[in-house]
Amino acid sequence: MNEDILGQLNDSQREAAVYCDGAELVIAGAGSGKTRVLTYKIAYLLQSGYRPWNILALTFTNKAATEMKERISNLVGHDKARLLSMGTFHSIFSRILRTEVSHIGYDHNFTIYDQGDSRSLIKTIIKEMGLDEKQYNSSSVADRISLAKNNLLTAHDYSSSIHVREDVERKVPAVKDVYMRYAERCRQANAMDFDDLLLNTYLLFARHEDVRQKYVDRFRYVLVDEYQDTNYAQQAIVMQLTRDHQRICAVGDDAQSIYGFRGANIDNILNFTKAYDNAKLFKLEQNYRSTQMIVQAANSLIRHNARQIPKNVFSDNERGEKVVFKQAYSDREEAAIVCKEIKRIKSREKCGFGDFAILYRTNSQSRSIEEEFRKSNVPYRVFGGLSFYQRKEIKDIIAYFRLVANPNDEEAFRRIINYPSRGIGDTTLSKIATTANKHALSLWTVASQPLVFGLEANRGTYAKLEAFCSMISAWQAVMQSVDAYQLGQDIIKGSGISKEIYEKREPEDLARQENVYEFLAGLQDFVESRREEGDGEHVYLSDFLQEVALLTDLDSDSDGDDKERVALMTIHSAKGLEFPNVFIVGLEENIFPSPMSCSSLRELEEERRLLYVAMTRAEKRCFLTCAQNRFRYGRVEYGTPSRFLQDISPEYLKKDEISTPASPAYYRGGGQADGGYGSKPKWMQNPRPVASQFKADPKPRAVPPRREENAPSPFSEEFEKRLKVAKLRLKPVTKAEIDELTAPTVSEDVGISVGNVIEHQRFGIGTVIQLEGRGENLKATVQFTNSGTKQLLLKFARYKIVK
DNA sequence: CACGTCACTGTTTTT
DNA sequence: CAGTGACGTG
């Protein structure tokens, strides 16, 4: 059996796979079968007597973990494979923290703050401290803190570290104080950000030898994929787990280290053999993926980097065509060239749209390509960008879930205390925050006992707070008895979110409704698959929350459908993937390399590696394009070809091979904004009557949920089937239920009631369809004949009753 | 308190 | 361009 498995590897792959005598570093050139070695090594370990749960395999993405598990399943069977500990650093260690976190003073139901949460908290703190928000830009402060955590510096350590001097030089001396407060607030909220998951794991193991020992005993063999992208904290944790027995296998390629901005430290891989004394070094140098031409072109590029482990990547595949470079006049022409070339290759060879990928440096570059593809009916799929879980309506729902699971969660509290509107506005919120800070308590504690902490507010406000808190408390009470799906539905209905979302009928609302369906379907799916896996009879909301925080839609497995679409993604998200034909677009100075990364040689080398990664995704053909004029930040910018083009040896590069499309003006000139489609006035073309209500989430996409047949929302493929089923099973919130939820409160003190027709000074004639609130807060929802539905606060509205 | 409007401004990659 | 914050109005 061993023979069978190992027979499928080449000599150097096999040597790397069977070496089990100690620390091992496998330098795996691009396309050299790195994943293959890892999977076979794990299969080999299992056959040599290791129990599945004794093996820990850390990957870079959840997707990589799932795929590897699947491949191992095929070798050793599902039963064994499913028991392996395999996942990202973040997901594996968050699970360990869940069970051990009481040792370091957290509660096991801690929340995981995503980047948006932590940025918003940092922003709040900067405001509270009265710092200048221009000087203390919340995201750069967040980056500083993140970097510190990645280097295992706690807030306390930081304040006496060299970083403080840097901060002083950069004119942001208070970063250390922001960090200090931020850490306090996170603890107060019983929350951890992504970096805390690593930092706290490290501290847990460092301070509690018995706990460390427990996991050292459990994880008898540790494998780390993409080692070049680990940061100091990750490396340190791996060291804590492996320094006793030295059974570690790290796999990676220093030439593909592209996550330095996230704290990844290329020194980890460069210095591996120093960290582990007797480490054995293996090199996989044969590339099985690409043509010789592509491999050589990529080699000639990466040769310009000084810091690297020497290696000689080669290919025995066909020689192949030269890498093609073409400069276009504009970004539109660039898109058209790419589009035309895809069609040309596709008709010449028997291949599908799925054999093509467009790679770019920044997400925003997908736009011009998308426009062109849509115009030319080329099916495509955009990866990355705004993930499903970052959509406003989904985040709102999750915020409710989070607050129920952990009422101290400050960010969740802030998000939903007044969503849907319940008359608790900024004034009340900031009073709560001030009081909470004064007593070093969470917002929830203060809000639920306002009188105890001397929160000053009027009667109405107390009542509203009371209503909100008792609603949340009621769900808390049943959280351990009602299953996640049931409770989730209850919350969506009871919170008023369903009313908020299902009431309206604008196109954007419909998209949101679908997203909520998808979300519920996903939740149901989660509950069911958990049950099938036999992890206990009941699946609770907290189980779901644990997973959801670390999910990306990149991780979702796509079904066959994707094979028929061109893939659009950033180079970063293309890591580990391969395509027959790859187009790398936007190779211009000011984009690639990014101007943010041009200040040091180190950063520049990372950008070069990024291009190396991009080129080595290609199996057969690789195209590089750039544009002279590009529409960016609302204006046309002039750009010159990227300096990296000169790094590629000319013998592998062919310029201007693609023919320019014959006619149209790809010039996006000054004057006519709407290049000849109809002539509606601007304000009619993109009606967004309620836009302001739905804006404002961290990384919103320009075009709201994509719904055209070419470009459905990132999630709809994998959810489509489940969705249909779920819709049947789900009995979506019915009209009657909505009516019930929106039942009017009869109000005696004003002469207006549901059914009245009023005439409003600005909006014209309309029918009152709902009334809520009382006294001076009495609010009417009015369906106007010509102006849609509006909410009017009657004490202000200028109207008269007509009927 | 909620919502609409206006002016300003920042520009990268993601677990 | 598109997101954000400040400000005014009902």
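## Charges over rings

A charge counts as sitting over a ring if NZ of Lys or CZ of Arg is within 6 Å of the ring centre and within 35 degrees of the ring normal. By that rule, this predicted model puts Arg98 over the face of Phe110, with 3.9 Å to the ring centre. Lys392 does likewise with Tyr419: it lies over the face of that ring, 4.2 Å from the centre.

## Around DNA strand B

Let's turn to the DNA. Strand B has 29 residues around it, and the closest are Arg262, Arg361, Asn363, Thr427 and Tyr633. Of the strand's atoms that come within 4 Å of the protein, sugar and phosphate make up 50%. Sort the surrounding surface by class and you get 18 polar residues, eight nonpolar and three charged.

A few polar contacts are worth a look here. Arg361 goes for a base: an N or O atom of the Arg361 side chain is 2.3 Å from a base oxygen of DNA strand B. Asn363 uses its backbone instead, with a polar atom there 2.8 Å from a phosphate oxygen of the strand. Asn418 also meets a phosphate oxygen of DNA strand B, this time through a polar side-chain atom at 3.2 Å.

## Aromatic pairs

Searching the whole structure turns up 19 aromatic pairs. One of them is Tyr227 with Phe272, an edge-to-face arrangement with 5.5 Å between centres and 90° between the planes. This pair ties together distant parts of the chain, 45 residues apart: Tyr227 is in the loop between β6 (221-224) and α14 (232-242), while Phe272 belongs to helix α16 (residues 272-275). Both of these aromatics are buried.

Phe526 and Phe544 make another edge-to-face pair, at 5.3 Å centre to centre and with the planes 70° apart. Here the link runs between helix α27 (residues 507-532), home of Phe526, and helix α28 (residues 541-548), home of Phe544, with 18 residues separating the two. Phe526 and Phe544 are buried as well. They also belong to one aromatic cluster, together with Phe401 and Phe519.

## Helix α17, tucked inside

Why is helix α17 (residues 292-302) described as largely enclosed by the rest of the structure? Because nine of its 11 residues are buried. The buried set starts with Met293, Ile294 and Val295, then picks up again with Ala297, Ala298, Asn299, Ser300, Leu301 and Ile302.

What do these buried residues of α17 pack against? On the strand side there are β9 (286-287), β10 (314-315), β11 (323-330) and β16 (618-632), and there is also a helix, α29 (601-615).

## Two buried hydroxyl residues

Thr39 lies in helix α3 (residues 34-47). Is Thr39 buried or exposed? At 1% relative accessibility, Thr39 counts as buried, because the cut-off is under 20%. A polar atom of its side chain lies 2.9 Å from the backbone oxygen of Arg36. Setting aside residues up to four places away in sequence, Thr39 touches Met68, Arg71, Ile72 and Leu75. As background, an α-helix has 3.6 residues a turn, so residues three or four places apart point the same way.

Ser138 is in helix α8 (residues 138-150). With a relative accessible area of 15%, Ser138 is buried too. Its contacts, again without neighbours inside four places in sequence, are Arg119, Ile122, Lys123 and Ile126.

Definitions and conventions
Residues numbered from 1 in each chain as written. Chains lettered and ligands numbered in written order. Predicted model: local features only at pLDDT ≥ 70, side-chain atom pairs only at ≥ 80, totals over all residues. Heavy atoms only, no water. Near = heavy atom within 4 Å. Polar contact = N/O pair within 3.5 Å; in protein donor to acceptor, adjacent residues only side chain to side chain. Nonpolar A, V, L, I, M, F, W, Y, C, P; charged D, E, K, R; others polar. Helix = DSSP H or I, 4+ residues; strand = E, 2+ residues; numbered from the N terminus. Buried < 20%, exposed > 50% of the residue type's maximum accessible area, 1.4 Å probe, protein only. Contact = heavy atoms within 4.5 Å. Phe/Tyr/Trp six-rings, centres within 6.5 Å; stacked < 30°, edge-to-face > 60°.
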